[in-house]
Amino acid sequence: MLLDQKHLTAKLITGMALVLSTFIISGQSYAQEQDLYKHPKYSKYQFSKNPKIIDLATQPAAVASGIIVELMKRDNILAADLKAIGSKIRFHNFLNGSHSNFFLTRGDVDAVIAGDAPTIELALRHPIFIPALIKQGSSSIISRDLMTVSDLKGKRIGVTPGTTSEFGLLIVMSIEGLSQKDVNIEPMEITELSSALHRGAIDAFAAWEPTPSNALMKHSNFRVLAKYPSLSMFAFSRQIVEKNRPAALHIIASYIRSLKWLRQNSSNLKIAAQWNIDGIKSFTGEQPKLNSDQISKIVRSEILPSADAPFVPRRSLEKGGTLRMIFDHLIRKTGYENSKWITVQQSIDNTLLHTVLSNPKKYRIGTFDYTMEQGE
Amino acid sequence: MFGLPYSGYKGSWQIYKSEAFKNLNLIAELKKHELMHKFEQQIQTSRTIASNKIIQRTSTDNKAEDLLKLFQNIFDEHPDISLLDPDTKRILANSSGIKKGSDSEYFASIKDIKPDILHEELVFYKSSSGTIYAILLLPVNKPSDSWHKRTNALLAVQIDLTQWFASTLHTTPEMGSTGEVIIIDDKKVLLSALKHKLSDGNTPNPMQYTASTKSADYAVMGVDNMLHETDYRGVEVLASVRYIQATPGSGLGIIVKMDKSEVFEPILESFKYLTFISLGLLALLIALANAVSRWLSAPIEKLADTAKKISEGDLGARAQITGRQDVDVLASAFNTMAEKLEEWNRELESEVEKRTLALLDATTKLNASKEKLSIALSAGHIGMYDINFKTGTVDINNEYAKMLGYQNAEDLHESINSWKERLHPLDRDSSAEVFDAFIKGAIPEYATEFRLRSKNGDWVWILSTGKIIEYDEKGSPVRMLGTHLDITDRKKNEQMLMDREEKYRTLSTRFNTLLEANPDVVIVLSPDMKIIWANKAAEETFDSSVNEIIGKTCCEFWYKSDSGCVDCQAKKCLSSGDLEDYTIESHDKRTWDIRSVAITDEAGKSSNIIIFGRDITDNKKLEEQLLQAQKMEAVGQLAGGIAHDFNNILTGIIGYASLLQMKASDNSSVKSDAANIIHAAERAAEMTKNLLTFSRKQIFNYYTINLNEIISRTMKIAGRLIREDIEIKTEFKNDPLYITADESQLQQVLMNLITNARDAMQHGGRLLITTEITELDEEFVKLHNIGSQGSYVVWSVSDTGIGMDEETKRKIFEPFFTTKEVGKGTGLGLSMVYGIIKQHKGHITVYSSPGEGTTFRIYLSAASKEKSAAAKSEDKHPMPFGKGETILVAEDDYALRGMTESLLTEFGYKAIVAENGEEAIELFILNKDKIDALLFDITMPKMGGVQAYMEIKKTAPDIRFLFYTGYAKDLISEKDYPFDITKLIQKPVSPQELLSKLREILDA
């Protein structure tokens, strides 16, 4: 009897561990799903099921996409174009992509700007369109005492679950023959990673910019173990595109417009960077460690290179490409059937971007009218 | 000595490693930026060319080509710049003079690229001369700020990578002699030449070799990082990887590596030197330690030698005092100890000697006791065992072994396990349980029985007893001593006794069951006539329990008398010993058949009486009823026979009188005389009918009727017959009440009963008629022979008249019995009632006592519901005439024969008459062709009507026939009359009926 009880307990614990780990890896975060409505940052958000009101989920702390959103908030042309078709746009800030996915799958938000891993997962769970690339950036693995990726074995690694940096970490480790069970993943919010490494609570962390750059600047004994590409993308729910396609096109146009405006001169870049800093502070309550010059540099290297045609790179969809590798990793973790890669491929739709780029005058992508005060 | 150098080495190693990584990373980063810058510049330049309006027009004139040549001269690192058709990839314009419309050298590398590329693409190829080139493809759009679905042309800028990569591939001094830079494309294809050969000795060529190292994997993933790995030679290296996103869709990987051995060479040297010094120091230390230990240990060794001598028995050995203070103290103490040891040894030896003598004495006495015990055990055939739980051994005596068929104890090697194996399988568990319980102290004594298998395989019953005689310090048993006694014989005897008892019990139980199940009273009397045993039937009969019965006499129960029986038959039986059968009437007027049987002992003397008593009261009643019924039956038969003959005579009288009446004129006295004759004959016929009714030979017409309604209707008429001083009351407890009956007969019954009741109440009284439905059980219906159990209608007619005595009650249903004066009654009324009820398969009882009135109770089987009774239609049709048909009549009665002939002739038929069946056949043969129908009496001398018909039918199967009879139809069996019952008419038959039926037969 005692043996059976022990056996049963062991099974129970193992099962619970599996569930818990799947839960974490699948991006549902250590914050239980049902708690996100009660999350102190989101509890007061108001959403609308009205297709005329577009609720857009953003992550201000992600530097590159944060800048785009700050411009869109101040884009008077966008506001006027939406008003003309009886629509409007609202912006909602989230800490990471898995949080914004939570609300999109429930129909609370209609579009998201998020990293590659949460966007791929979203494509597998919910019908979406991915019309445009926001940035081709990078995430980094930062450590204090370790030197190579292989040194991560048996170490504690801080990471925000379900994000591009987490998946990238696992992919990079896999080259060295390491899997998740060879390390100790410590889930934490992006804002906690640097301080945790500094006080020795963890041995390394994986994060997207600007967190690694901030950390390296603040702590001279930190070093980069690896830097790997991460993409950010625009994603719309299919439903909103089908019900209010004109609004979606105007929003894409606003995005293109912002790229062109940023590319105009460095002064624009700096202004937008400052808006980004203000936006981060307003949301997180903390002053970001990067200044506007540093943010500008990131924007130049990660966003502007593909400003002319911000389509999702073909290479990323091929075998060995970033998105394909993230998908392969996601399957192993969550058991999605292999055939659903088609779902991801079919989610990537260039027609919206094509439409906007083919009609520059109609969508006024060369015209600029931004409110210079603090946006909503 | 070793730890410090090692720690120093380890620390240096980390520092070296860190520095090496840092350097390589730096180099890789620089090379990445260098190459990236080149690509960025190239793309910008190419975009400038692609955005040129002349180029955008992609005209086929020479302007584009001239422009391309110009650009080539300006940007001299490009061997070729071409404009290509986006679909065919053929040259539209070219800077090197290649013919338009032809394929470029790198056609194979670009042919699969989509025509409407959205951004720059980079492809690599190897020329025929072995030079590696990159082709930068850019979309060329039409000269407007708009996107089209297809590009106008593709601008292909050829880049000589050998020149491009030259500086990138250059290794710096920091990279040492083993440093190397490798460039690969997105598919890990080598774009630069390798410094070394592969592990298999081959030299890999760019564009023909695909890298398979971890660094290559990282590179194509776009990961920048630092790692240890084994390179393409199989050598361990440190590598730094960088990825360059050359165009939005493609990139390059740079791997900067250095052999590990070269990186860590300096520190390895240090490590060797440190190791050598450490080893030397270690050796010195060991030697020094050895010398010191030898100096310290010499006196101790001597001391050890002395101790060894003492241990070997030389108690006089002593340690040497050396003069070294620290050792001498130890030696002195050692010598003191040795002296003490010697002294104790002497004392010990003395004590041992004393005890040895005492032991010898005790042993002698013990052996004597043992001998006595052994003799006692042998004499009593008692086996003995001695178990040692520690060793598991069991010592036994010879008796133990002999019990099991062995010669002696030595032949039987007993142990606890062998004992267990020898146990009977059925005794194993119980024996083990008892044994364990005793060993654990759960039970105070050990005594148990079990079977052991003997040498020859038989089972021997053993009574085993035992006692623990030794415990260890923890209280666990160590030794147990016990005995075995062979009880096989005792067990056999016990089994025999048990078998006998079982047999006896079984017989006793069967006997008891038999007696208890007997429905008759069975009691056993003692010689003094007291009941000593009684069965269940006795309990029920005497309405007392067995305990109440026992001790009393049977007279007390049968006669309610405790004064003993006069002339007791049971006493007679006891004294004679003979069986006595007799009948008694108990106090409750029940009749009993008694049999007394004497139980005799072996000497033949009667010791007890068994009484069997059977209640025959009901049987007697039944017999009386049967006798009465038989008597009534006999009377009925007689009456029926007479009535039958009468009917025939009356038919003749009525028939002739009818004819006379018909022929006479209306005013003549002959007609009225004829009417009187008919009336008188009808009255006589009525009497015979009543007789027939009594004898149950009357024909009834049964319908389902409501009895209550019949009574109500009848009472309306009967009310006139009853005097006013008689109160009439009817009570219908269930309404409606359906029965299947002949309505007119029931009316007759009621009329007769009312008449009798009226006659019994000469001075007034009350007449009560009730009906109800009741359930009769099987016993009742069987007793009164009235059919089957079920629902019955009970119809009572009660009066408060003078009543009847028993004698009168017994006879009232007999025909012609009457208590009235002569001429006041025929004496047939109640007999007719009896006959009617019996014919209805019912039952009638009478309850009466003198002065107490009389109640007649009639039981009739209840029916389900009323069926509509067909209205009896009176035949008012005129006499049907014949059509000249010839009828053969067979009738043995002279008058009837004559009447029938006259009737037929009168009414248009021709009649041929015969006296019996034989004659009828003869006449038929003679007149076969003329005869249309047969009219035969069934019962005739010589040959009956049916038999005659059967003969005639052989020759004339279709002959029509009609039978008539003086008997009731339902009393004629199928054997006597196997034909359609509608072709049979009942005498006396009126002319009307006869002629109608005959006409019906002829017209069918």
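**Figure 1. How much of chain B is tucked away.** In this predicted model, 42% of the 1004 residues of chain B count as buried. Chain B holds 29 helices and 31 strands. Take the contacts in chain B between residues at least 6 apart in sequence: 59% of them join residues at least 24 apart.

**Figure 2. A covered strand in chain B.** Meet strand E5 of chain B, residues 153-160. How many of its eight residues are buried? Eight of the eight are, so "mostly covered" fits, with buried meaning under 20% relative accessible area. B:Ala153, B:Leu155, B:Val157 and B:Ile159 point one way from the strand. B:Leu154, B:Ala156, B:Gln158 and B:Asp160 point the other way, and these are buried too.

**Figure 3. The strands that pair with E5 of chain B.** Strand E1 of chain B (residues 81-84) runs antiparallel to E5(B), and four bridges join them. Look for B:Leu83 in this view: its bridge partner in E5(B) is B:Leu155. Strand E4 of chain B (residues 132-140) is also antiparallel to E5(B), this time with eight bridges. Here B:Leu137 stands opposite B:Ala156 of E5(B).

**Figure 4. Where chain B meets chain A.** The contact takes 25 residues from chain B and 28 residues from chain A. Together the two chains bury about 2,400 Å² between them, and 55% of that is on carbon and sulfur atoms. How many salt bridges does the rule find across the interface of chain B and chain A? Just one turns up. B:Lys214 forms a salt bridge with A:Glu176, and the closest N and O atoms are 2.6 Å apart.

**Figure 5. Inside the largest nonpolar core.** This core has 72 residues, and the members that touch the most others are A:Ile141, A:Leu152, A:Leu169, A:Val172, A:Met173 and B:Ile184. Its largest share, seven residues, comes from helix H7 of chain A (residues 164-175). Why does the core lie between two domains of chain A? Domain 1 (5-14 + 139-229) and domain 2 (30-137 + 232-358) both give residues to it, so it sits between them. In soluble globular proteins, nonpolar side chains tend to be buried together.

**Figure 6. Zooming in on A:Ile141.** Leaving out residues up to four places away in sequence, A:Ile141 touches A:Leu152, A:Leu169 and A:Val172, among others. Its contacts also include A:Phe205, A:Arg223 and A:Tyr228. Apart from the largest core lies another core, of 54 residues, including A:Met72, A:Tyr255, A:Leu352 and A:Tyr370.

Notes: Residues numbered from 1 in each chain as written. Chains lettered and ligands numbered in written order. Predicted model: local features only at pLDDT ≥ 70, side-chain atom pairs only at ≥ 80, totals over all residues. Heavy atoms only, no water. Core = buried A, V, L, I, M, F, W, Y, C linked by side-chain atoms within 4.5 Å. Buried < 20%, exposed > 50% of the residue type's maximum accessible area, 1.4 Å probe, protein only. Helix = DSSP H or I, 4+ residues; strand = E, 2+ residues; numbered from the N terminus. Domains from an automatic or database assignment. Contact = heavy atoms within 4.5 Å. Pairing = 2+ DSSP bridges. Buried area = accessible area lost by both parts, 1.4 Å probe. Salt bridge = Lys/Arg side-chain N within 4 Å of Asp/Glu carboxyl O.
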